[in-house]
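Thanks for making time this morning; I would like to walk you through one model, beginning with its pocket and then moving to its cores, its cysteines and a few of its strands. Please have the sequence and the structure open while I talk.

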Amino acid sequence: MKQFQLNDFPNVKGSRVSLRQIMDADIPDLIEISFYDAVQAETVEQAAEMQARIDRDYLDGNSIHWGIVDNVTHQIVGTCGYYRGLDRGEGELGCVLLPQYYGQGYMTDGMSLAIDFGLNTMRLKRIWAATSQENSPAMKLLERLHFVKTADLSDGEIEYELIQTK
């Protein structure tokens, strides 16, 4: 079941940040946060190959991956998106932030936009996230966004699920 229109990549505008499609020109700035299947890119070429795979996953209806853009500077500060579960009307939400933007609220704003899009546009029935037990900033972010811990996973990760407040 595809959750979004394939011909029109959904850009989402917020007051401070926006979510937009990652373009080829963005890739050199994103090498340090370019991942695919938990493998990090080491070169521009690897990052471009990973982005091409991410783009194919989007076209297949399996994921959606946005750049988080500061609306004032127009710089991408991080990425977020839904990477698994869309075929079941669910979504695993993931995110990564460039280190120079840590602690400035960008990820809270970007993830809030992604959650709203997931619930109201994609009509996801469930949103979850996983993070390492050592990643306390990610755990605090998820809790701030109304996720609650649901499981300790065998690989040293913790799973969280969004609790919808009405």
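**The pocket and what surrounds it**

If we sort the residues that line the largest pocket by character, we get 26 nonpolar, 14 polar and seven charged. I should say at once that this is a predicted model, and that everything I mention today is computed from it. The lining of that pocket comprises 47 residues, and those lying nearest its centre are F35, G94, C95, V96 and A130. As for the elements involved, two or more lining residues come from each of strand 3 (35-36), helix 1 (44-59), strand 7, helix 2, strand 8 and helix 3. The space inside the largest pocket comes to about 1400 Å³.

Let me turn to the packing. The largest nonpolar core contains 40 residues, and within it the most contacts are made by W66, Y82 and F147. Several elements give two or more residues to this core, among them strand 5 (64-70), strand 6 (76-82), strand 7 (90-97) and helix 2 (106-120). Which element gives the most to this core? That is helix 2, with seven residues. There is also a second core, separate from the one I have just described, which has seven residues, including I27, I31, Y36 and A41.

Now to the cysteines, since somebody at the bench will probably ask about them. How many disulfides does the structure hold? The count is zero, and for C80 the reason is distance, because its sulfur is 6.9 Å from the closest cysteine sulfur, that of C95, whereas a disulfide requires the two sulfur atoms to be within 2.5 Å. Are these two cysteines buried or exposed? C80 is buried, with a relative accessible area of 0%, while C95, at 32% relative accessibility, counts as partly exposed. C95, you will recall, is one of the residues that lie nearest the centre of the largest pocket.

Finally, a few words on the strands towards the beginning of the chain. Strand 1, residues 12-13, pairs with strand 2 in the antiparallel sense over two bridges, and the two form a hairpin with three residues between them. Within that pairing, K13 of strand 1 stands opposite S18 in strand 2. Strand 2 is also joined to strand 5 by five bridges, and these two strands run antiparallel; here L19 stands opposite I68 in strand 5. Strand 2 and strand 5 each give two or more residues to the largest nonpolar core as well.

Note on methods: Residues are numbered from 1 along each chain as its sequence is written. This is a predicted model: local features need pLDDT of at least 70, side-chain atom pairs count only at pLDDT 80 or more; totals for chains, interfaces and linings use all residues. Side-chain values use heavy atoms; hydrogens and water are left out. A nonpolar core is a set of buried Ala, Val, Leu, Ile, Met, Phe, Trp, Tyr and Cys residues joined through side-chain atoms within 4.5 Å. Buried means under 20% relative accessible area, exposed over 50%, partly exposed in between (1.4 Å probe, protein chains only). Helices (H or I, at least four residues) and strands (E, at least two) are DSSP runs, numbered from the N terminus. Two strands pair if DSSP finds at least two bridges between them. On a 1 Å grid over the protein atoms alone, a cavity is a set of points where a 1.4 Å probe fits but cannot get out, and a pocket is an open set with protein on both sides within 12 Å along at least five of seven lines; lining residues have an atom within 4 Å of a point. Grid points are joined across faces, edges and corners, and a volume is the space filled by probe spheres set on the points. Ala, Val, Leu, Ile, Met, Phe, Trp, Tyr, Cys and Pro count as nonpolar, Asp, Glu, Lys and Arg as charged, and the others, Gly among them, as polar.
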